[in-house]
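Here is a short report on internal space, helix packing and aromatic contacts. The structure comes first.

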Amino acid sequence: MNWQPVDCHAHSTWSDGALTIDQIVERAAALGVRPSVTDHVSRDVQRSIQSVDDVVRYLDALEAFDVLRGAEFCWHDALWRELPSNIVARFTHRVGSLHAVKLSNGQWVHAFSRKLPDGLTAAAYMEAHLATLKEFARQMPVDVLAHPTLVTLPYRTLGTDELWIEQHEEQMVDALFAAGIAFEISSRYPPHARLVRRAVERGVRISLGSDGHTAEQVADIRRPLALARSLGVPDDALYDPVRHGSRTGNPSLSCA
Ligand SMILES: [Zn+2]
Ligand SMILES: [Zn+2]
């Protein structure tokens with residue numbers, strides 16, 4: 001079969017997406033993309049899978065379709081730590097998210113909160129973001145870091161150069177490389193090319209993710225694919241759990 005890009009990150013009605021699993025499969029097929037379903041498994045996302053029992057029901061549902069079986073886990077939420085390895089091994093891949101970063105005083109700043117803690121500067125926030133990322137990379141056995149440039153809402157209006165310093169970018173790609181975690185090029189939160197180039201040059205694997213929640217978004221990974229290709233990443237080096245294996249230990253994957 002000819003190579004097809006994989007959308008490693010998309011949401012269904014099992015969490016906060018608008019499409020059912022079969023609609024995701026159908027939409028991806030129409031776009032020539034291999035589909036994944038990667039719903040939120042977290043007690044800190046409102047519409048999400050929130051218990052180990054529901055993870056099992058979700059996997060049962062996914063296994064009825066020809067679709068890669070993933071999930072997006074919040075690093076700051078404990079649910080991923082509660083999953084036994086035999087359940088983890090039913091996933092084809094897992095995506096980890098920094099939906100909150102921990103400040104040096106122990107306080108969490110959520111990515112989707114509109115209010116900043118008093119006195120927080122963008123520089124201090126980014127220090128905390130990198131510190132949280134390093135802890136995530138050391139501890140969380142996922143295959144992909146979702147949307148690596150997601151920051152808390154009040155800072156999203158700042159430009160790349162106001163947020164990102166080269167030292168932080170180097171720390172990020174070093175941590176991902178050491179852990180064997182792929183860098184996601186997200187359709188929804190597009191990373192700046194300088195950072196993706198740094199990841200590629202460091203040898204970090206690149207993953208494409210629509211982070212789609214609607215029919216228009218799911219499996220639309222044209223822009224991430226174009227960016228990866230413009231940086232010289234060969235198509236068959238883009239993360240594909242079947243080709244490259246997964247840290248889930250899924251026995252049906254080639255390199256697992
Ligand atoms: Zn996310
Ligand atoms: Zn997502």
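## Cavity

Five nonpolar, two polar and no charged residues make up the lining of the largest cavity. Ala, Val, Leu, Ile, Met, Phe, Trp, Tyr, Cys and Pro count as nonpolar, Asp, Glu, Lys and Arg as charged, and the others, Gly among them, as polar. The lining residues are Leu-98, His-129, Leu-145, Ala-146, His-147, Pro-148 and Leu-150. A cavity is a set of points, on a 1 Å grid over the protein atoms alone, where a 1.4 Å probe fits but cannot get out; lining residues have an atom within 4 Å of a point.

The structure holds one cavity of 30 Å³ or more. The largest has about 30 Å³ of space, a volume being the space filled by probe spheres set on the points.

## Basis

This is a predicted model, in which local features need pLDDT of at least 70 and side-chain atom pairs pLDDT 80 or more, while totals for chains, interfaces and linings use all residues. Residues are numbered from 1 along each chain as its sequence is written, and side-chain values use heavy atoms, without hydrogens and water.

## Helix packing

Helix α4 (residues 122-139) packs against helix α6 (residues 166-179) at about 10°, with axes 9 Å apart. That makes the two roughly parallel (angles under 35 degrees). Axes are lines fitted to C-alpha atoms over the stretch in contact, and angles run from 0 to 180 degrees between N-to-C directions. Helices are DSSP runs (H or I, at least four residues).

The contact (heavy atoms within 4.5 Å) divides into nine nonpolar, three polar and two charged residues.

Methods:
Chains lettered and ligands numbered in written order. 1 Å grid on protein atoms, 1.4 Å probe; cavity = no way out; pocket = protein on both sides within 12 Å on 5 of 7 lines; lining within 4 Å. Parallel < 35°, antiparallel > 145°, perpendicular 65-115°, else oblique.
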